[in-house]
Amino acid sequence: MDIVGNVLPQVLKDEATEDKGEMARLQSFVGAIAVADLVKTTLGPKGMDKILKPTGPGQEMTHITVTNDGATILKSMYVENPAAKILIEISKTQDEEVGDGTTTVAVLAGELLREGEKLIQKRIHPQHVIAGWRIARDVALKRLRDISTENDIESQEFHNDLIKIARTTLSSKLITTDRDYFADLCVKAVLRLKGSSNLDYIQIIKLPGGTIRDSYLDDGFILKKQITIGCKRRIENAKILVANTAMDYDKIKIYGTKVKVNSMDKVAEIEAAEKEKMKHKVDKILKFQPTIFINRQLIYNYPEQLLADSGITVIEHADFEGMERVAAATGAEILSTFDAPERRDQVLGHCDLIEEIMIGEEKMIKFTGCKKNEACTIVLRGSSIHILDEVDRSIHDVLCVLITTVKNRRVVWGGGNSEMQMAAACEEEAKKVQGKQALAIEAYARALRQIPTIICDNGGYDSAELIQNFKVELQKGNLSYGLNMNDGTVGDMKELGIKECMRVKEQAVMAASEAAELIMRVDDIVKCAPRKRERA
Amino acid sequence: MSLAFDDYGRPYIILRDQGQKKRMKGLEAYKSNILAAKAVANTLQSSLGPKGMDKMLVSPDGDVSVTNDGATIVEKMEIQHPTAKLLVELSQSQDAEIGDGTTGVVVLAGKLLEQALTLLDKGIHPLKISDGFDRACDVAIKHLESIAEEIDIQANDHEALIQAACTALGSKVVSKRKRELGKIAVTAVLDVADLKRKDVNLDLIKIQTKTGGSVEDTRLISGILIDKDMSHPQMQKEVKDAKICLLTCPFEPPKPKTKHNINISSAEDYKKLYQQEQQYFVEMVKLVKDSGANIALCQWGFDDEANHLLLQNDLPAVRWVSGTDVELIAMATGARIIPRFQEITPEKLGKAGCIKEVQFGTSNERMLVIENCQCTKAVTILIRGGSQMIVDEAKRSIHDAICVIRNLIKDNRIVYGGGSAELACALQVLQYADEVSSVEQYAVRSFADALEGIPCCLADNCGLNPITSVAQAKSRQLTEKNPRIGIDCMELGTSDMKEQKIYETLSSKKQQIQLATQVVKMILKIDDVIAPDDY
């Protein structure tokens, strides 16, 4: 470009930047590895938590979050580096898809890139590295599927597996001390769903106070609402009418209407008409002969009084999700019009007992003996809202994993066993492959092995020695061995009962490889000029 | 800006705000334009070919996308240089016309400009250069047509189409699964293709993305997938033998467009109005129900009461269906789009074998699948992938592949890839150059050099020595009289692209050479750039 009198004309916009080749690659590696290193310490049963503190002014900004969940940490971070954003993205997807392994996926992608960087420094073309990774990934996934076992969904073994998986997932969380208790609780909740994967039916209610141990699974359904004053507090054999309708003055929806009167009498007349209309509606509702009426919207005093006079218990202003759960649990239909009382039997929900209960200091409404017995409620107690939030996230993770397991049913041994086996498979494959790709396959194996290594490091154990011993055990044919993080030894996972869901691992390996490949393929980063924002 | 002065030393003002404008003239303008355009081509150069690299683009809002698709890269770079923008348009017109080869066209233009620069330095007039390029282009196109081969797209289970799709997908991040994705693309296109008219309506192929899973979970759904669920959680989730009522009016009381006021002045009015309003909903639902429809798809929202009435009448309904989806469903199911409730008649209903709700992942997201539509076979390709960026890139790649297959159905002539077609043309052009007796000879020769630049670039991207491998391929083409010798990018051990099965469509290659030549001619004709200074 050294033409006299000519400088390279500016092609991009003023504040836009372009990085090419090595610079671009370096930038993405540094970013991705930094993000991976950041969440690395939360990995495994001895992983540490992070405090997330929002920046900026305002009251809500003082709310801090303490968490161990990779997706939550990564989601809350604002990063500038584009490669780091990719890692955050895959962690989010992992969360949506299987709900757990969000840290693993980011760390694995980071480790892959760390290994990739070394290969690039050895002057190996990124495309060769990618070619190797692809072979390795397929080999690893094949091994993963091979070592997984499947049990019949009804069998006791499967039930035990679920409890073991729940325990394993919980062991890295805050409630690890009570993991047996919670594992049992979560498994029971998931089994109630009878194979459906709709997590909405499991409600989690968080109430500060008491200890974590006071949490429990309620087989009924709890609505975080109060029964309106003046109604019965306990109803047996309830017929439930669930509605989503305006019970205030019921505005007329025809566009452009306006009340325009010229005398006080007329006002009174219209008022009376409104009242009559309300009464009419209430009468229609009464024809359904419910014993309890739940409405999503507000219920004004007048209709409330009318309903209460007829001996119907009224619950007003339930939230929408709560409504759907009530409807699902009791088999009710959500009504908005009331012109067909003859369909009474179809639209009314049923449950054996509705009562107002006290949990801690809050009044709630409990439905027991529902028609469709799928919904249930997990009541979480704990000494502070931060703890409850974290427990909530942990329980959510466990529930997701369990549902995934119920769907997929394949399980593998935990304690780093699956990663080590996959690494071993890659290394065997590397010996057979000709060409430079073999180096990349070895690198892939090293990256996989980093996961148990980091788990050891986080536990404060001598990772180099443990991992070597682990390798030897596998070589000897003890294929169910894994890391015993309580004693810092290598032990039989069968005895310790540590199992993991195969689908979670599979998704993590797939997503991490895809992300690493995506970043590896980049040789040019163009950053557009940031959009100018109006300062408020 | 150069100025003219009068006798008193005051400048003549010719252009408005002359002082604030920048002007470049003559050779300076040529060179600056060429350099700017080349800068863009240089960025794209490394994305060419099966081992090309990707670009990471950060949008003004900080969103990241990673892509290998030329048109997308130049579009998202937000180029502001006026000449460089021409290349952006070049890539986009290739994208609009052909759909594939968007990187190649820009790289070729860059190579041509590079050659033009040397010729300018030699003192050849720009118009002579563009004339020469023009003539060379004609020769190249003619030769391209002579070496093109017709393929039988039906043969061997559409093997040729799959191979062509694989070639298009080979350079993308999804190349690992190119065979599977290629097959999906081929099946999708053939499903909706009108082989008699040799036409494909790409609107019938819907590409829906959903993060999660892996790229290999991508699948073809014979039917339409819409990212919506039933309007009421308790409606039935599956409708067999669906008769679809496709509405573009909301289930709400009508809103006349003229401004009006209804004054309520007495209690009777009030009651009447109330009844009227109730009546509206009942009538609406009745009209739909009476027509025999068993599912209603609506572009607009529902009032709570109307929603419940629908449920009560066992009429599943979907609200807020997007405009494009409405059109697609109308096309596929033979439904007429109904703008008013009064106009619902049984003939206007669309028919489909089955409509059902399906669910993905843990996050309780549901989608609707409409299968076995009555009229045409609309299909949906559901793309999955580990992250949004991968899914987006896969979508672009599959779009490219679909375009290639469509082009092949339209015109089943192919040339071989791997730079072999360019090399063959270059040789032909070079031969022709010697026959040209005027100054244009140099330009024609340079055109050949520029064409050679493409295989050179390919070889470079694959980590081969560009000069030796191009020289080898060239000499083999000449001695063996085989125009299919190209660069062995995948290191498969053969340079014959027929054996490697690297197919590219003739129309795409032709378009590339023609478009690139045109843009270069245009740039060479600019000898004066006037622009605001701060531009």
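Two strands are taken to pair if DSSP finds at least two bridges between them. In the predicted model described here, this criterion applies across the chain boundary as well as within each chain. Strand E20 of chain A (residues 522–527) and strand E2 of chain B pair in the parallel sense over five bridges, and within this pairing A:Val522 has B:Asp54 as its bridge partner.

Strand E2 of chain B, which covers residues 54–58, has five of its five residues buried and is therefore largely enclosed by the rest of the structure. From this strand, B:Asp54, B:Met56 and B:Val58 point one way, while B:Lys55 and B:Leu57 point the other way; residues on both faces are buried. Besides its partner in chain A, strand E2 of chain B is joined by four bridges to strand E3 of chain B (residues 64–67), and these two strands run antiparallel. One of the bridge pairs links B:Leu57 with B:Ser65. The two strands form a hairpin with five residues between them, and B:Gly62 in the turn has a positive phi of about 85 degrees.

A further inter-chain pairing involves strand E9 of chain A (residues 257–259) and strand E11 of chain B (residues 262–264), which run parallel and are joined by three bridges. Here B:Ile262 is the bridge partner of A:Thr257.

The interface as a whole brings 93 residues of chain A into contact with 90 residues of chain B. The size of an interface is often given as the accessible area lost when the parts come together. For chains A and B the buried area is about 8100 Å², with 55% of it on carbon and sulfur atoms. Three salt bridges are counted between the two chains. A:Asp138 forms a salt bridge with B:Arg177, in which the closest N and O atoms are 3.3 Å apart. In addition, 14 residue pairs, with both members at pLDDT 80 or more, are in polar contact between chain A and chain B. On the side of chain A that touches chain B, helix H3 of chain A (residues 82–97) provides the largest share, with 10 residues. The residues on this side of chain A comprise 37 nonpolar, 18 polar and 38 charged.

Chain B contains 16 helices and 19 strands, and its C-alpha trace spans about 95 × 80 × 40 Å along the principal axes. Of the 535 residues in chain B, 59% are buried. Among contacts in chain B between residues at least 6 apart in sequence, 74% join residues at least 24 apart. Helix H10 of chain B (residues 323–333) has several buried residues, including B:Val326, B:Leu328 and B:Ile329, together with B:Asp325. This helix is followed by B:Gly334, whose phi is positive, near 75 degrees.

Within chain A, an open sheet of three strands has the order E4-E16-E19, with antiparallel pairing. Strand E4 (149–150) and strand E19 (499–501) of chain A are the edge strands, each pairing on one side only. Strand E4 of chain A pairs with strand E16 of chain A (residues 410–413) over two bridges, and A:Val411 in strand E16 is the bridge partner of A:Thr149.

A:Lys505 lies in helix H17 of chain A (residues 502–520). A:Lys505 counts as buried because its relative accessibility is 10%, against a limit of under 20% for burial. The side chains of A:Lys505 and A:Glu419 are joined by a polar contact of 2.8 Å. Neighbours within four places in sequence aside, the contacts of A:Lys505 are A:Leu144, A:Val412, A:Ser418, A:Glu419 and A:Glu500.

Two other positions in chain A may be described in similar terms. A:Gly44 is situated in the loop between helix H1 (21–40) and strand E2 (50–52) of chain A and is buried, with a relative accessible area of 12%. Beyond its neighbours within four places in sequence, A:Gly44 is in contact with A:Ser172 and A:Ile455. The C-alpha atoms of A:Gly44 and A:Thr104 are separated by 9.1 Å, although these residues are 60 residues apart along the chain. A:Asn469, in helix H15 of chain A (residues 463–476), is partly exposed, with a relative accessible area of 36%. A separation of 8.8 Å is found between the C-alpha atoms of A:Asn469 and A:Thr489, which are 20 residues apart along the chain.

How values were computed:
Residues numbered from 1 in each chain as written. Chains lettered and ligands numbered in written order. Predicted model: local features only at pLDDT ≥ 70, side-chain atom pairs only at ≥ 80, totals over all residues. Heavy atoms only, no water. Buried < 20%, exposed > 50% of the residue type's maximum accessible area, 1.4 Å probe, protein only. Polar contact = N/O pair within 3.5 Å; in protein donor to acceptor, adjacent residues only side chain to side chain. Contact = heavy atoms within 4.5 Å. Buried area = accessible area lost by both parts, 1.4 Å probe. Salt bridge = Lys/Arg side-chain N within 4 Å of Asp/Glu carboxyl O. Nonpolar A, V, L, I, M, F, W, Y, C, P; charged D, E, K, R; others polar.
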